[in-house]
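Student: I would like a close look at a single part of this model. Please take me through the site of the ligand, then one residue elsewhere in the chain.

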Amino acid sequence: MQTDLRGRDLIGDLDFSKEEVETVMDVAFDLKRKRALGESHAYLRDKVLAMLFFFSSTRTRGSFEAGMAQLGGHAAFIESKTTQISHGDTEKEIGEIFGRYFDGIAIRHVDWGVGNRYQNLVAEASREPVLNMQCEIYHPFQILADLMTIIEKKGRDLRRKKMVVSWAYAASYQKPMSVPQSLVLQMPRFGMDVVLAHPPEFELMPEVMDQAREQAKKYGGGFEVVDDMEAAFKDADIVYAKSWGAMVHTQDADEGSQIIKKYEHWITDQRKMSLAKPDAIYMHPLPADRNVEVTDEVMDGPNSVVFDEAENRMHAQKAVMALTMR
Ligand code: CP
């Protein structure tokens, strides 16, 4: 067990080794148990987390804020448009100054080609850890919660479990590709056979794909890419189907929206779910475009674990905060 994570940033999924992720899981399950029993676990008394948001959120904000309070500390919600960032505060100034006020800086910035760079520049200037609440490349805390949920439902030994990470149709907006990218980076490390399914225009970033293949090879997981949603669902243990934008293919938003319209049939419905194993779990990070991306029948059905997944955001984040912000 790797126990000394004090002061560490978590921006990309591979910033923590597999052993460190296992430590996060152990601590997260312990904190979940303590909360269920009403046991105090104020490991971060008097500590304050800055939560800097450049993009909207329901779960991330709620779970970080509640989690910090349960750990005995406080989380300050800071919406970027209410700051002086648009009037000139640089990444270095945010890192230097917030690093002196706060004990950790959590940031959500998903703008294409901007968000990840922003977080790394803040981290370079900050004396305290920077935690990625989602950028355009990674959503590491979502994936820690997902891993925790999969362990709860499928057990600790995940070797040879088939996990489908599928693109799904959604018309609301071009969603970030950080969730599928973080999934293909993290899950093969735990021995799962990950099948990534998407129409041709929805490829992930080539460097992330290379890293995912490396992780699969190193840890004995599987990783393959297909362009057929139904073939991917066949005999799956875990179905994780969500929409993302065609940003690698084109950065023209109008062209991206037109491409999405070609694939309306990429919806997760009961017929497709019946191709997976009978005890397959259905996962989605939310928010979802209901009855467009996934039917109500699947989302609210017996195989769906989306609410446990959302709850586990809080436990996994508390674990990382308790380990890094002490
Ligand atoms: N899954 C997720 O990150 O949800 P929010 O966008 O509501 O934070």
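Tutor: Here is the ligand site, followed by a look at serine 126. Keep in mind that this is a predicted model.

Start with the space itself. The ligand takes up the largest pocket. Which residues are around the ligand? They are Ser57, Thr58, Arg59, Thr60, Arg108, His139, Gln142, Pro285, Leu286 and Arg313.

Three of these names come back when we look at polar atoms. Take threonine 60. An N or O atom in its side chain is 2.6 Å from an oxygen atom of the ligand. Next comes proline 285. Here a polar backbone atom lies 2.9 Å from a nitrogen atom of the ligand. Leucine 286 also uses its backbone: a polar atom there is 2.9 Å from a nitrogen atom of the ligand. How much of the ligand does the protein bury? Taken alone, the ligand exposes 260 Å², and the protein buries 92% of that.

Now turn to serine 126. Find it in the loop between α4 (115–125) and β4 (130–135). Is serine 126 buried or exposed? Its relative accessible area is 13%, so serine 126 counts as buried, the cut-off being under 20%.

What does serine 126 touch? Set aside its neighbours within four places in sequence, and serine 126 is in contact with Gly95, Gly99 and Ile105. Its side chain has a polar partner too. A polar atom of that side chain lies 2.8 Å from the backbone oxygen of glutamate 128.

Notes. Residues are numbered from 1 along each chain as its sequence is written. This is a predicted model: local features need pLDDT of at least 70, side-chain atom pairs count only at pLDDT 80 or more; totals for chains, interfaces and linings use all residues. Side-chain values use heavy atoms; hydrogens and water are left out. Helices (H or I, at least four residues) and strands (E, at least two) are DSSP runs, numbered from the N terminus. Buried means under 20% relative accessible area, exposed over 50%, partly exposed in between (1.4 Å probe, protein chains only). A polar contact is a pair of N or O atoms within 3.5 Å; within protein, one must be able to donate a hydrogen and the other to accept it, and residues adjacent in sequence count only if both atoms are side-chain atoms. Contact means heavy atoms within 4.5 Å. A residue is near a molecule or strand if one of its heavy atoms lies within 4 Å of it. Accessible areas come from the Shrake-Rupley method with a 1.4 Å probe; for residues, only the protein chains shown count as cover. On a 1 Å grid over the protein atoms alone, a cavity is a set of points where a 1.4 Å probe fits but cannot get out, and a pocket is an open set with protein on both sides within 12 Å along at least five of seven lines; lining residues have an atom within 4 Å of a point. A molecule sits in a cavity or pocket if more than half of its atoms lie within 2 Å of its grid points.
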